[in-house]
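Visitor: Could you take me through one part of this structure, the metal site, in some detail? I would like to see how the pieces around it fit together.

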Amino acid sequence: MSDTLKITLLGTGIPNPDINAFGTSTLIEAGGQVVMIDCGRGAVVRLAQAGYSLGCIETIILSHFHSDHFSGLFDLAMTGTIQQPYGNRRGPLHVFGPPGIDDIAKGAWLATKPDRDIRVADKEIDAEHMRIIPHVYEREGVVFDRDGLRIIAIEVDHGELIRPAYAFRVEYQGRVFVHSHDTRYNENLIAQAQGADVFIHEVAAARPEAIAKHPRIKVAIDHHATPQEVGRVFAQTRPRLAMLTHMVLLPPDPPSVGEVLAEISTEYDGVVVAAEDLMTIEIGPGVSVIPFRTGASGVGHKPLKNRP
Ligand SMILES: [Zn+2]
Ligand SMILES: [Zn+2]
C-alpha cells in the first residue's frame, strides 16, 4: 500500500438534501497522511460508515464557500471532540481556505460555545479540541506538502461572484488525482489536470425548454459545466479514468445520469464512471474503483454496517 494514493468519496452531492448523495467531501490518504478536502453535509456520517473515527481528521482544505462544501464542518468540529471511539480528536482542526476562512473559524468558536461549555464543565472534553485554526491560502499553488503528499490548488471559474474557487490536484509518488470541485469549463484546469490518473469533474444539466423558461435554472447552469463541456475537458486531458461527481440535474424533468453520460460521449470516447458516495479509488500501478457495498473500508477496517 505504500505507493498507493487512496481516495474515498465521502460525499458526491449538491445542496439538495439527498440520502444517497451527501455534500461534497473527499478523503485523501497517502504516505501516512490523511487530509479531507471539503466537508459537506453528512461528512461525519460517511466517515463513520467508512470505518474512520472523526478524530483521525486534523486537516481540511476547502475549495470555496458554497454551503454544500463546508456545512459539515461544524458537526465535525463538535462531535469529533467526544471521547468515544467514533470521535476522539486530540487537538484542534486545521482548516485551509480562501480569504474568509478566518470568519468561519471565529463564528464556529462562538456558535459551538454552548455545547463546549456543557462538555467542559462535565470534564468530558478539552475546549481547545473544538477550535478551528484557520489557514488562509490566497492564490493557486501548493496548499499541503507532507511526507510526499502534495495538494495543489488550481484556480477555476465558478462564476463572477464566487471568487476565488479552486480545484485540486493531488500528487503522491507520481500518482495524480484531480478533482474539479465547482467550475465552469476552464482552460486553467485543463492545463493543470494533464497527466491525471483519475480526473473527477462536476457537471450540470437541464432541459433546453427549462433553461429558456426559468431564469434561475439558467443562473445555476451558468455556474457549472455542461455535459458537452465536461466531454471536451476529458478529451483534452485524457485521464486514465474519468469520473463525474456533483451532478446538478435540474428540475422540472431533470435529465438522467444516463442522458448526461450519452452527451459526454459525443465529445469524449473514453470510459466515464458516475461516482457515488463512499466509493474508494486506489491509484497504484493500476487504478481501482471500489463501490462501498463491495468492500471499500477505512483505517479501522471495521465490519461494514449502515450501508447507504
Ligand atoms: Zn457545490
Ligand atoms: Zn459551488
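Guide: Happily; let us start from one residue. Asp 182 is buried, with a relative accessible area of 2% (buried means under 20%, exposed over 50% and partly exposed in between, using a 1.4 Å probe and protein chains only). A word on the basis: this is a predicted model, where local features need pLDDT of at least 70, side-chain atom pairs count only at pLDDT 80 or more, and totals for chains, interfaces and linings use all residues. Residues are numbered from 1 along each chain as its sequence is written, chains are lettered from A and ligands numbered from 1 in the order in which they are written, and side-chain values use heavy atoms, leaving out hydrogens and water.

Asp 182 coordinates both the zinc ion (ligand 1) and the zinc ion (ligand 2), which are 3.5 Å apart. Donors here are N, O and S atoms within 2.8 Å of the metal (3.2 Å for Na, K and Ca), and sites may look incomplete because water is not among the atoms.

Around ligand 1, the protein donors are Asp 68 (OD), His 69 (NE2), Asp 182 (OD) and His 246 (NE2), at 2.1 to 2.2 Å. Their spacing in sequence is D-H-x112-D-x63-H. The 4 donor atoms subtend angles of 88 to 170°, so the arrangement is irregular. For four donors, tetrahedral requires all angles between 85 and 135 degrees; square planar for four, and octahedral for six, require opposite donors over 155 degrees apart and all others between 65 and 115; anything else is irregular.

Ligand 2 has His 64 (NE2), His 66 (ND1), His 158 (NE2) and Asp 182 (OD) as protein donors, 2.1 to 2.3 Å away. Along the chain they follow H-x1-H-x91-H-x23-D, and with angles of 94 to 157° among the 4 donor atoms this site is irregular too. His 64 is buried at 0% relative accessibility, while His 66 is partly exposed at 29%.

Next to Asp 182 in the numbering comes His 181, placed in the loop between E10 and H5; helices (H or I, at least four residues) and strands (E, at least two) are DSSP runs, numbered from the N terminus. His 181 is buried as well, with a relative accessible area of 1%. Leaving aside residues up to four places away in sequence, its contacts include His 69, Ser 63, Asp 38 and Glu 202, a contact being heavy atoms within 4.5 Å. His 69, one of the donors to ligand 1, is buried at 0% relative accessibility.
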